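Here's a quick briefing for anyone opening this structure for the first time. Take a look at the sequence and the model, and then we'll walk through it topic by topic.

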Amino acid sequence: MRAPDETTIKAGQTLLSVEGVSLSFGGVKAIRNVSFDIRKGEIRAIIGPNGAGKTSMLNVINGFYHPQEGQITFKGIKRKKMRPHDAATGGIARTFQNVALFKSMTTLDNIMAGRTLRMHKSFFWQLLRYGPAEQEEIEHRRKVEEIIDFLEIQHIRRVPVGRLPYGLQKRVELGRALAMEPELLLLDEPMAGMNLEEKEDMCRYVIDVNNHYGTTIALIEHDMGVVMDLANRVVVLDYGQKIADGTPDEVKANKAVIDAYLGVAH
Amino acid sequence: MLCVKPYSMFCKIFIIPFYEMWELPDIFVQTLWEGLVGGTLYSLIALGFVLIFKASGVFNFAQGIMVVFAALSLVGLHAIGVPAILALALTVLIMLVLAFAIERVVLRPLVNQPDIILFMATFGLTYFLIGFGELIFGGDPKVMITKQLYIPTGTLSFDFAGGRVEMQKLDITAVVVASLMVAVLAVFFSKTRIGRALRAVADSHKAALSVGISLNQIWIIVWFAAGLVALVTGIMWGARSEVSFALEIIALKALPVLILGGFTSIPGAIVGGLIIGVGEKVGEIYWGPLFGRGIESWLAYMIALVFLLFRPQGLFGEKIIERV
């Protein structure tokens with residue numbers, strides 16, 4: 001199954017919009033009536049203090065959580081409920097706040113797993129490694145090697161990822177998401193726990209992915225410097241509500257945002 | 001000479017058995033062969049466990065009863081007049097339906113529950129299958145339709161070192177079929193897209209979901225694969241003895257095999273099975289008399305226990321990597 005026609009949305013047009021989404025777990029309201037949009041080709045940041053509902057928002061977009069109210073329009077198709085599998089087929093890839101990799105598999109296999117949806121030859125031929133299946137495997141392998149080169153992780157190709165340091169694991173996870181050739185890439189704190197150098201590398205990759213592949217990126221990040229440099233537009237959440245939305249400069253000057261981050265004098 | 005009558009205990013344990021092996025090589029070879037065949041069948045059962053454990057981290061207690069259920073379906077279908085080959089095809093279909101049903105009724109409602117809950121669910125499944133099987137096929141033992149399935153029977157014997165070694169053709173078939181099955185599964189797991197997806201699911205559910213792997217589909221595939229392995233095991237075990245619910249306890253024999261081989265390794269299941277099979281037979285013949293015989297029933301567990309002390313992850317199990 002391929003994603004519906006991808007050419008209809010041009011750069012700058014709305015790729016995904018979230019309208020009036022509310023999500024609660026029992027009595028805890030994680031997200032309250034939030035609306036915003038993500039335009040094709042931009043880097044969109046979602047920021048907010050801890051517990052603001054950022055990751056929940058990402059989980060809603062990606063189909064892990066189903067909001068009680070509101071809807072999500074992705075590529076012109078309205079959905080109230082999206083399953084993770086549909087999100088993946090539709091072209092949404094993501095990384096996780098606490099890396100979720102296939103720890104016992106090698107870097108190569110992890111990234112190859114990202115190609116699952118793009119491999120179509122029947123498993124019988126794959127079993128025999130013959131004819132069209134072999135061709136297909138080679139083709140995908142080429143693509144994967146390209147990503148490995150891009151992320152500069154050639155040296156850890158055959159290492160089970162469980163053994164890698166955290167920074168590299170994050171990079172492999174990005175590689176797996178890229179292998180899906182997504183239209184929308186969701187990054188949940190891609191720079192968390194990294195040192196300055198690793199952060200700079202990651203920033204460079206994010207910008208490169210955005211420039212070279214034209215991938216739309218939505219990212220959650222705590223490092224304000226990073227967000228201000230990377231993002232085209234920023235949406236700010238606090239206690240599950242949207243308190244600001246605009247360019248980094250606008251957001252920086254917003255009173256509600258300053259209050260949320262620094263606290264208000266009562 | 002160290003060993004003089006009356007023999008010391010040391011002598012009885014460490015010298016005499018090996019001397020006997022050396023003196024009567026034909027009996028030794030016969031013992032080895034029988035151990036090997038038993039081991040192959042243990043491997044098959046263990047394989048069923050490994051398949052499901054690999055993909056869902058669940059120890060499937062129901063594997064034993066699945067063996068019985070598959071064999072009973074086959075024999076039962078034939079008994080009501082379905083030709084053997086067609087009955088085989090239908091049984092494969094039944095195993096597929098069973099896989100779908102288990103996914104829908106047992107696994108899907110329990111998704112994201114701790115492993116222990118799923119493990120308990122497989123207990124429930126076991127008792128359901130026992131009751132359901134007895135209801136449909138009755139509780140009495142049945143004879144496997146060996147001839148009708150064109151499985152060769154009879155004996156092959158040849159002279160060896162002054163004695164005679166006998167091999168059941170049935171056993172040879174079992175070994176060949178099991179080897180084939182293992183080879184196909186091993187390639188399937190390491191080389192195909194679905195195989196990769198299976199390993200991915202075993203490692204992390206949410207990561208697998210995020211790259212678009214469908215958990216439901218994967219579970220159906222592994223349970224079906226385990227069902228097929230159960231069917232082959234059922235045919236082979238059934239042909240050697242009989243098809244009855246007593247077969248279910250062979251599932252317990254898979255435990256030491258799994259401890260030895262590692263819960264996640266297909267080659268491990270094979271080698272583990274062979275070690276247990278051969279160890280059991282050789283132990284019984286050469287050391288059995290010292291303990292008044294009958295050590296076959298517990299030796300496997302002893303071997304596994306000793307093994308556990310030195311290599312808790314099993315022979316080929318994935319290395320336990322833990323970051324602190």
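How many residue pairs are in polar contact across the interface of chain B and chain A? The rule finds three of them, with both partners at pLDDT 80 or more. Keep in mind that this is a predicted model, so start with where the two chains meet and then move on to charges, backbone and surface.

**Where the chains meet**

- On the chain B side, 24 residues are in contact with chain A, which puts in 34 residues of its own.
- About 2,600 Å² is buried between the two chains, and carbon and sulfur atoms give 61% of that area.
- Three residues stand out here: Arg193(B), Arg196(B) and Val211(B) supply 26% of the area that chain B buries against chain A, more than any other three residues.
- The interface also holds three salt bridges.
- One salt bridge to look up joins Glu137(A) and Arg196(B), with N to O at 3.2 Å.
- Three helices of chain B, namely H7 (169–191), H8 (193–203) and H9 (205–210), each bring at least two residues to the side that touches chain A.
- Of the elements on that side, H8(B) gives the most, with six residues.

**Charged pairs in chain A**

- Side chains of opposite charge can pair when their charged atoms come close.
- Over all chains, a search of the whole structure turns up 28 salt bridges.
- Arg44(A) pairs with Asp37(A), with the closest N and O atoms 3.7 Å apart, and both of these residues are buried.
- That pair belongs to a network of salt bridges linking Asp37(A), Arg39(A), Glu42(A), Arg44(A), Arg233(A), Lys242(A) and Asp245(A).
- Arg141(A) and Glu145(A) form another salt bridge, at 3.1 Å from N to O.
- Both sit in helix H5 (residues 132–150) of chain A, four residues apart, which is about one turn of the helix.
- Their surroundings differ in exposure: Arg141(A) has a relative accessible area of 28% and so is partly exposed, while Glu145(A) is at 17% and counts as buried.
- Asp201(A) and Arg171(A) also make a salt bridge, their closest N and O atoms being 3.8 Å apart.
- Asp201(A) lies in helix H7 (residues 196–213) and Arg171(A) in helix H6 (residues 166–179) of chain A, so this pair ties together parts that are 30 residues apart in sequence.
- Asp201(A) and Arg171(A) are both buried.

**Backbone angles to check**

- Most residues other than glycine have a negative phi.
- Glu189(A) has a positive phi, near 45 degrees, and is found in the loop between strand S7 (184–188) and H7 of chain A.
- Tyr239(A) also has a positive phi, near 45 degrees, and is found in the loop between strands S9 (233–238) and S10 (241–246) of chain A.
- Is each one buried or exposed? Glu189(A) counts as buried because its relative accessibility is 9%, whereas Tyr239(A) is exposed because its relative accessible area is 61%.

**A nonpolar patch on chain B**

- Chain B carries a nonpolar surface patch of about 1,100 Å², and its members include Ile249(B), Phe291(B), Trp298(B) and Met302(B).
- Helix H13 (residues 296–310) of chain B gives the largest share of the patch, eight residues.
- Met302(B) has its place in helix H13, and counts as partly exposed because its relative accessibility is 40%.

How values were computed: Residues are numbered from 1 along each chain as its sequence is written. Chains are lettered from A and ligands numbered from 1 in the order in which they are written. This is a predicted model: local features need pLDDT of at least 70, side-chain atom pairs count only at pLDDT 80 or more; totals for chains, interfaces and linings use all residues. Side-chain values use heavy atoms; hydrogens and water are left out. Patches are made of residues with over 30% relative accessible area and no salt bridge: like charges are joined within 9 Å, nonpolar side chains (Val, Leu, Ile, Met, Phe, Trp, Tyr) within 5 Å. Accessible areas come from the Shrake-Rupley method with a 1.4 Å probe; for residues, only the protein chains shown count as cover. A salt bridge is a side-chain nitrogen of Lys or Arg within 4 Å of a carboxyl oxygen of Asp or Glu. Buried means under 20% relative accessible area, exposed over 50%, partly exposed in between (1.4 Å probe, protein chains only). Contact means heavy atoms within 4.5 Å. Buried area is the accessible area (1.4 Å probe) that two parts lose on being put together, summed over both. A polar contact is a pair of N or O atoms within 3.5 Å; within protein, one must be able to donate a hydrogen and the other to accept it, and residues adjacent in sequence count only if both atoms are side-chain atoms.
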